Amino acid sequence: MSVIVPFHNVAPYLDRCLTSLVTQSYRRLEIILVDDGSTDTSARIAAGYARYDRRIKIIRGHNAGPGGARNIGIRAARGTLLAFADADDVVPYRAYEFMAASLAQSKSDFCVGSYGRIRGNHRTSVHLADRLHQKRRPRVTLRDVPEIIDDVFLWNKMFQRPFWDNEVGSIPERIRYEDQEATARAYLKASSFDVLPDPVYSWRIREDGSSLTQEKHLMEDLRDRLLVNERVRALLSEGAPEAAVAAWQRRVAGADLIPYLEQAADASDKYWAMLSEGAARLLEGSRQELDRIDPQARALAYLAAANRRDELALALVDRINNGTATPLVFGRTITARPTFLASLDVSVPASLLRVDPSTLELVAAADPPQEQENGVFRVEGYAYVRNAELTGIPTVLTVGTTGTDGFSALPVERMRNPHLDLVSSDRNCSHADAAFAVEMPGPTPELTVRLEVAGHLLERAVAVPAPKAASARRIGTPAAESLAAGPRGSLQIKVSGGPPEASYALVTSRHRIPAETNAVQDGVLLTFPLAFRSWGQEVPAPPSGAYTLRWSAKGSGAGAGDVAVAVQEGVSRSFRSFLTPAARVRGFRTSSGAMAVSITAPLADSEAGDFHQYRLRRTCFAPGREPSLQPGILFESFGGKNCTDSPRAISDYLASAGFDEPLYWSVADRSVEAPPYAVPLLQGSAEWYERLATTRALVNNNNFPWYFRKSPGQFYLQTWHGTPLKKLGLDIPPRNLSLSYRDLMKREAQWWDLLLAQNEFAARTLPAALGYRGDVLSSGYPRNDVLVREGKRDDAVRNRLGISAGQKVILYAPTWRDAARTDAGRPDWVGHLDMKLASRALGPGYTFLIRAHHNVSAQRRVAASPNILDVTDYPDINDLYLAADALVTDYSSAMFDFCLLGKPMYFLVPDLAGFESSRGLYLDLAETVPGVPAANTAELVRMLRQDPAPLIAQVREFSARFAGGEVGRAAQAAAEAMLAATPAFSGAHPEGRR
């Protein structure tokens, strides 16, 4: 078998791709690597593999594009079987074995397997692939499975070489999406092909967007997409079954078009004109299939075709915020109701919103059978129609078994299960009434579920997990058996099969909850206390997150690098969400079969889950609502992750001054400690929503969530969170910010009544960057009052951090980078300080405190060391400023605060040129900051060894320029300005103003 792999500048990914190829279980491979003009180290990586594996052949190309490179490889291939792989993807271990075996048995012309997505180390299934590849279907044609035309890729297929040469031929060159025309020819010309359920390919989604097919904003990409659509349609019109043509039309007017519609807000006029014309053509060509295309896709395409660009942008923002699911309404016909319709000034024709009953999706599942006292087995489950609120709609549920004698119905008990609304992820519809139970003489592997809704019958087979007692276990390998609430607010997991000396912990990338182990019958009972101590303070619950259960046979304390404990699907199906006093806990099985626990804020059943959250949002922030305002001030800092920064300073001032109305603090979960005098409001709770909508005044240092709407009469004080050196908001190229964030900022800035600025520079820069046109108070930052008042080293903080007396303490606090992304697409930690080099060069007398920006706090990577402390989770950065002898930063606003202390500041900026070109700076860094910026850690070490006196003098000059207005009374000034501007506070002023 020959596998063709074109590559062009894929050095970060090529190693994993080639490893997956050379380790295939199918050994008779010829691996042809076509270097399509790479300028990075890809060719060197390929040569390294070829040196040790004679099956690899490298051919030098000349940047002919994927189609041209593949054709070069095809001409050189000698195998009787032919396959393709992209150099940034991964081929599962037995993929080629499965495909070759299928072709050997069926003698078909080619086979097509299932596939999944890969993002870094995370693999996810693809709904389309799961639907098309539910079971093995050998020796079929396009007439048998017309929907398979939707599987358009070359890389999950294997071809008989004679068939390829005679019927498929050359791949189109110098055009994107070149494989779609080739696969269409294969489907049309094959005498038969095999459809396999086996996953044979992992398709990588690159985080940097560098793949050719991730450049939807380019006009040439749109042009190629529309051209390929027309070419394939012309091919299919020459003899494809009507059902296949219809399936293709649904694809191109639905999933294929949406990524281009999403570019509309930032596109050039030429791009928009091509997109609008293309959308009109696709809608016209799909007229017969409209009611089977995703309702949102056709409504968005209609707006583009009608040249309603502004309305399309509004609809896209709503789609980002409210999701891609569309509620369905049952009447004489089934009608889709996209939520974005309410935000449009133009109506979408009713004909575009009709839904074909054949597209309804029955969602159903069953729990493991439970043997009852009378000897029968009871199975509980659920069945509902996705996106359909069935309250008041006539439904008939039938559940039974299907055998050789046909369908046999069982008595069905309809039940209510609020847990379903916690796990369904349906934002618009409640499915709590969708539960059922049946009883039968013995276990069965499968149930047939039929649901008739308003005259439409839906049916599906539902697998019944094996009873727990039948779960296979390997001796010496632990498996989770149960999850329940434990004593004193803990949670308990029973594990069986593990060695007696093993240790266990619930682990995220940043946090670890060790287990207390107790031997019980058939296993070990693990107890996890949720309360813990953080920086000397008792916290009732850990930070919210998905914690994986891991174990270590060594007994030395399991951690993030240890093996995950497995859990059988049948066991995980029995897990139910439950509340402890400080957290909501829900167990689940990961895609890799591991036991995991979601620990989140302790929201009530009527508050938890997407459905209830969206219900509360729609209620509290309903258009036209004008609630009666209530006394008090609601504070939030960094999205509720902590209770610090300038909002905390203002809150503390008001409390100390005798303010006699409630001071509320928004907290993300119970791991966030509110001030002792304050009323904590748990984000997402009904009370939090209501207070956010009705409290008289609001104070924030960032934005409230996208769904927030300021009520008439509310006063909103925006403190912001630093003097900007790096550009932000409207001063950043629009494409660098999501459409939803831009929309949020536009609304938020209109609602601010007062903006704080640390200095005159910030007072000029922030309003323009944030689109704010109101009053600005420039009297220093409230968060800096403590630095002005105290201004000397805090040994109490050093003791709390475990730092020995006499140590030189260096605080490293870099900002975040827009371009650095994790495997999951989130902003990634970038630390240019080589901590090992600095520690080794400066010696044991230095201690480094590492403080990641709050945007990348979950992604930071700091190696444990006696003189390197990760203080990202330390609640108040001012304590760290006071404890440190010097600051090392880059483009962070920390410089404008730390300078008040008159201590040395150093700037480690090896990426200065790149940062200036990608993000941009308001000031010339080298001309503005004290000292000389360091280009690497070695230069920084030399600076740290020098006499700091000249640098301190420059720091004082810098402080006079940017922090000269800081006199220690900024919190008082901000509080007084807020109270003076809000007449309703006339009877609640602090003592000093009464």
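Begin by selecting helix 18 in this predicted model: the helix lies across strand 36, strand 37 (663-667), strand 38 and strand 39, and its direction makes an angle of about 95 degrees with strand 39.

Keep those strands on screen and extend the selection to the sheet of 7 strands, an open sheet with parallel pairing whose order is 38-37-36-39-40-41-42. At its edges you will find strand 38 (679-682) and strand 42 (775-777), each of which pairs on one side only. From one strand to the next, the twist averages 25 degrees. Within this sheet, pick out strand 36 (residues 630-636) and strand 39 (residues 695-700), which pair in the parallel sense over 5 bridges; at E636, look across to N700 in strand 39, which stands opposite.

Return now to helix 18 (residues 686-694) and add helix 16 (residues 610-620), since the next stop concerns how the two axes, which come within 10 Å, cross at roughly 25 degrees. An angle under 35 degrees counts as roughly parallel, and helix 16 is therefore roughly parallel to helix 18. The crossing in which helix 16 passes helix 18 is right-handed. To display the contact itself, show Q613, L616, R617 and C620 on helix 16 together with A686, Y689, E690 and A693 on helix 18; the residues of this contact divide into 5 nonpolar, 1 polar and 2 charged.

Next, select S656, which is found in helix 17 (residues 645-656). With a relative accessible area of 62%, S656 is exposed. If you then pick the C-alpha atoms of S656 and Y677, which are 21 residues apart along the chain, the separation is 9.6 Å.

The tour continues with another sheet, an open one of 5 strands in the order 26-27-23-22-32, in which the pairing is mixed. Strand 26 (516-520) and strand 32 (566-567) each have a single partner strand, so one side of each is left without a neighbour in the sheet. Strand 22 (residues 479-485) pairs with strand 32 in the parallel sense over 2 bridges, and selecting A479 lets you locate its bridge partner in strand 32, A566.

For the last stop, go to E289, in the loop between helix 11 (269-285) and helix 12 (295-305). Is this loop residue, E289, buried or exposed? Its relative accessibility is 14%, so E289 counts as buried. Leaving aside residues up to four places away in sequence, E289 touches A246 and R250, which can be shown beside it to complete the view.

Terms used:
Residues are numbered from 1 along each chain as its sequence is written. This is a predicted model: local features need pLDDT of at least 70, side-chain atom pairs count only at pLDDT 80 or more; totals for chains, interfaces and linings use all residues. Side-chain values use heavy atoms; hydrogens and water are left out. Axes are lines fitted to C-alpha atoms, for helices over the stretch in contact, and angles run from 0 to 180 degrees between N-to-C directions. Helices (H or I, at least four residues) and strands (E, at least two) are DSSP runs, numbered from the N terminus. Angles under 35 degrees count as roughly parallel, over 145 as roughly antiparallel, 65 to 115 as roughly perpendicular and the rest as oblique. A crossing is left-handed if the near helix is turned anticlockwise from the far one by less than a right angle, and right-handed if clockwise. Contact means heavy atoms within 4.5 Å. Ala, Val, Leu, Ile, Met, Phe, Trp, Tyr, Cys and Pro count as nonpolar, Asp, Glu, Lys and Arg as charged, and the others, Gly among them, as polar. Buried means under 20% relative accessible area, exposed over 50%, partly exposed in between (1.4 Å probe, protein chains only). Two strands pair if DSSP finds at least two bridges between them.
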